[in-house]
Amino acid sequence: MCVNNSNRVEHFSSHETTIRVSNTTTTTTTSMEMEIHSVCLPPKQTTLQKLKHKLTEVFFPDDPLYRFKNQTWCKKLLLGLQFFFPIFQWGPEYNLSLLRSDVISGLTIASLAIPQGISYAKLANLPPIIGLYSSFVPPLIYSNLGSSRHLAVGPVSIASLVMGSMLSETVSFTQDPILYLKLAFTATFFAGLFQASLGLLRLGFVIDFLSKATLVGFMAGAAIIVSLQQLKGLLGIVHFTTRMQLIPVMSSVFKHKNEWSWQTIVMGLSFLVFLLITRNISMRKPKLFWVSAAAPLTSVIISTILVFCLKSKAHGISVIGNLPKGLNPPSSNMLYFNGQYLGLAIKTGLEGIAVGRTFAALQNYQVDGNKEMMAIGFMNMAGSCTSCFVTTGSFSRSAINYNAGAQTAVSNIIMAATVLVTLLFLMPLFHYTPNVILASIIITAVIGLIDYQAAFRLWKVDKLDFLACLCSFFGVLFISVPLGLGIAVGVSVFKILLHVTRPNTVVLGNIPGTQLYQSLNRYKETLRIPSFLILAIESPMYFANCTYLQERILRWVREEEERVKANNENTLNYVILDMTAVTAIDTSGIEMVCELQKMLDKRSLQIVLANPTGNVMEKLHKSKVLESFESNSLYITVGEAITDITTTWKAQP
């Protein structure tokens, strides 16, 4: 069905149109035949069909069930297993060649995961052994459920920091360690529950309110706070603040100068320099990835031997102490589902999924974000029952896993097996491992999260994005990590609201010799069309922006009338709205169009709509708004509108 208020289709050939531009008369001749097309309505659909289409686009944009179409029941069963357990997809084709690559990559990331696991547990104010437990069970679960071939899972610095800072604000991990441990496991359970629920309900897009700009600022601020917190270990300070803000941390450093240990400082700085050098080597030459991967474990081994040999002379260097041998003990009986701290555990779990952003795949294959959320969610739920705290994909370990040549998720199984051997047989070897080495490892790991180049690009490309980056950065530094994350989300939402409520509108002009109409400010060769004001609306028309659009359009009209009067040009007669970018309109937007038409009619101006999209056209037609418009008020392009209206003028006596 096509709508044409004039009920006609006209042809024009070899006509001349005289146009006055800035007091200069220009004559353009069109020798080609011009057809004025009708504006059609979209194909008729029932409300149920529209709802189905809308829900499909929201929840299933990737059409995950397309593989099941036209398949037998046996094939559908196999595809279902492969969908929920990707191991059934690549498992049958697994061979020794793939295993060789996965063993190398698995051992490589295990050498990094063991010292980092111990370090990140201390960062979350948890016993170091919890970090190793969290590097054993979760990777095994992810290897069966995850769809990424390179994602290396385990504890990560920022999630550990968020958990430690949020829980320690309410519960002391030194005065009530059992309650603190219960809340940590419970927060892990709820983090997994929320992640799995979002994945199952296809709501993974909900966590995308953390924009790239705010994430850059948040990560940088958190990395600095994490690094400053490690001054306790680097300087050998015994009494140190548990607060996570810049000023309290620095005050605590200088307040306890009498506790500084020169032996600890010398050892810490030496190994920190060593770790940073190896990191720099691997960054400059990616083929030498194993240098930085092996450096943390090498540092642990060397420093442990040094402290053991010099234990009679190194009293100022604190060590980890005894770590229990054995597999993960069950912890389901420690989950905290009632009482005054339940809200804290749930809130901490929510914060955990906000920072659990998975590693972006570097090769040419698709990773289903919702399936990844389900895999990581079930991984954390199972982890909470086996003495693990929040785990997710690690940026640094995943990059090393990729560079080491990982082919499948078996690399996670190899890593877990290595951690298993460590838990069963090697735990006594960590007794003399100095805490200062753990601090050095954490600083080296988080320093890569400070992406100053990304911040500089934000400044060059988008000042508003850079402001959002700064807000989240300083929020973390001076307020708190959880509130800094909240500020980051708040700034991202504010940006969305700003774009929705204050959409862009531009004045268009004609590029001479063409039927193209572009922005007057952007294209200097464009010319104004006398008696016409052509406006492009670059946004849907919703209740949130319709008042602004009405006021802005009327302002454009006023300014154009003042310009015409000042330059003694032809009187303004028509206002053309180019609606190409108006992808949707609601009832408030329709009311705004009606009000605008009445206001312009009082000024003796006619409103013309050009190229309304199918959805917009259907709603305008059903609301019967178009009945109050003039006969020549709806066109498929701006060019056809100008041609038809100016030709009508010429035809009039």
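**Reading salt bridges, cores and surface in this model**

Mentor: Let's start with one pair: K622 and E618 form a salt bridge, with their closest N and O atoms 3.6 Å apart. This is a predicted model in which local features need pLDDT of at least 70 and side-chain atom pairs pLDDT 80 or more, while totals for chains, interfaces and linings use all residues. Residues are numbered from 1 along each chain as its sequence is written, and side-chain values use heavy atoms, leaving out hydrogens and water.

Trainee: What counts as a salt bridge, and how many are there?

Mentor: Side chains of opposite charge can pair when their charged atoms come close. The rule asks for a side-chain nitrogen of Lys or Arg within 4 Å of a carboxyl oxygen of Asp or Glu. By that rule there are eight salt bridges.

Trainee: How are K622 and E618 placed in their helix?

Mentor: They are four residues apart in helix α24 (residues 614-622), so about one helical turn separates them. Helices (H or I, at least four residues) and strands (E, at least two) are DSSP runs, numbered from the N terminus.

Trainee: Is each partner buried or exposed?

Mentor: Buried means under 20% relative accessible area, exposed means over 50%, and partly exposed lies in between (1.4 Å probe, protein chains only). K622 counts as exposed because its relative accessibility is 54%, whereas E618 is buried at 16%. Elsewhere, salt bridges with shared partners join R528, E560, R563 and E569 into one network.

Trainee: How far apart are the closest N and O atoms of E560 and R563?

Mentor: They are 2.9 Å apart. The two residues lie three apart in helix α22 (residues 546-567), so again the separation is about one helical turn. Both E560 and R563 are buried.

Trainee: Which salt bridge links distant parts of the chain?

Mentor: Look at E561 and R603, whose closest N and O atoms are 3.1 Å apart. E561 is in helix α22, while R603 is in the loop between α23 and β13 (606-610), 42 residues away along the chain. E561 is partly exposed at 28% relative accessibility, and R603 is partly exposed too, at 36%.

Trainee: How do I read the interior, and which residues have the most contacts inside the largest nonpolar core?

Mentor: A nonpolar core is a set of buried Ala, Val, Leu, Ile, Met, Phe, Trp, Tyr and Cys residues joined through side-chain atoms within 4.5 Å. The largest one here has 66 residues, and L126, I130, M163, L183 and L423 have the most contacts inside it. Helix α8 (residues 177-200) gives the most to this core, with 11 residues. A second, separate core has 36 residues, including L554, V575, L600 and L634.

Trainee: What does L423 touch?

Mentor: Contact means heavy atoms within 4.5 Å. Setting aside residues up to four places away in sequence, L423 touches I129, L132, Y133, F136, K325, G326 and N328.

Trainee: Where is V593, and is V593 buried or exposed?

Mentor: V593 lies in helix α23 (residues 587-602). With 2% relative accessibility, V593 counts as buried. Beyond its neighbours within four places in sequence, V593 contacts M541, I585, V625 and F629. The C-alpha atoms of V593 and I607 are 9.4 Å apart, and the two residues are 14 apart along the chain.

Trainee: What about disulfides: how many does a search of the whole structure find?

Mentor: A disulfide is a covalent bond between the sulfur atoms of two cysteines. The cut-off is a pair of cysteine sulfur atoms within 2.5 Å, and the search finds zero. For C388, the closest cysteine sulfur is that of C385 at 9.6 Å, too far for a bond. C388 is buried, with a relative accessible area of 0%, while C74 is exposed at 67%.

Trainee: Which residues form a nonpolar patch on the surface?

Mentor: I247, L470, F474, F478, I479 and L483 do, with about 540 Å² of accessible area together. Patch residues have over 30% relative accessible area and no salt bridge, with like charges joined within 9 Å and nonpolar side chains (Val, Leu, Ile, Met, Phe, Trp, Tyr) within 5 Å. Areas come from the Shrake-Rupley method with a 1.4 Å probe; for residues, only the protein chains shown count as cover. Helix α20 (residues 463-478) gives the most to the patch, with three residues. I479 sits in the loop between α20 and α21 (481-501) and is partly exposed at 40% relative accessibility.

Trainee: How many helices and strands does the chain have?

Mentor: There are 25 helices and 14 strands. Of the 653 residues in the chain, 52% are buried. Among contacts between residues at least 6 apart in sequence, 79% join residues at least 24 apart. The chain exposes about 31,600 Å², with carbon and sulfur atoms supplying 61% of that area.
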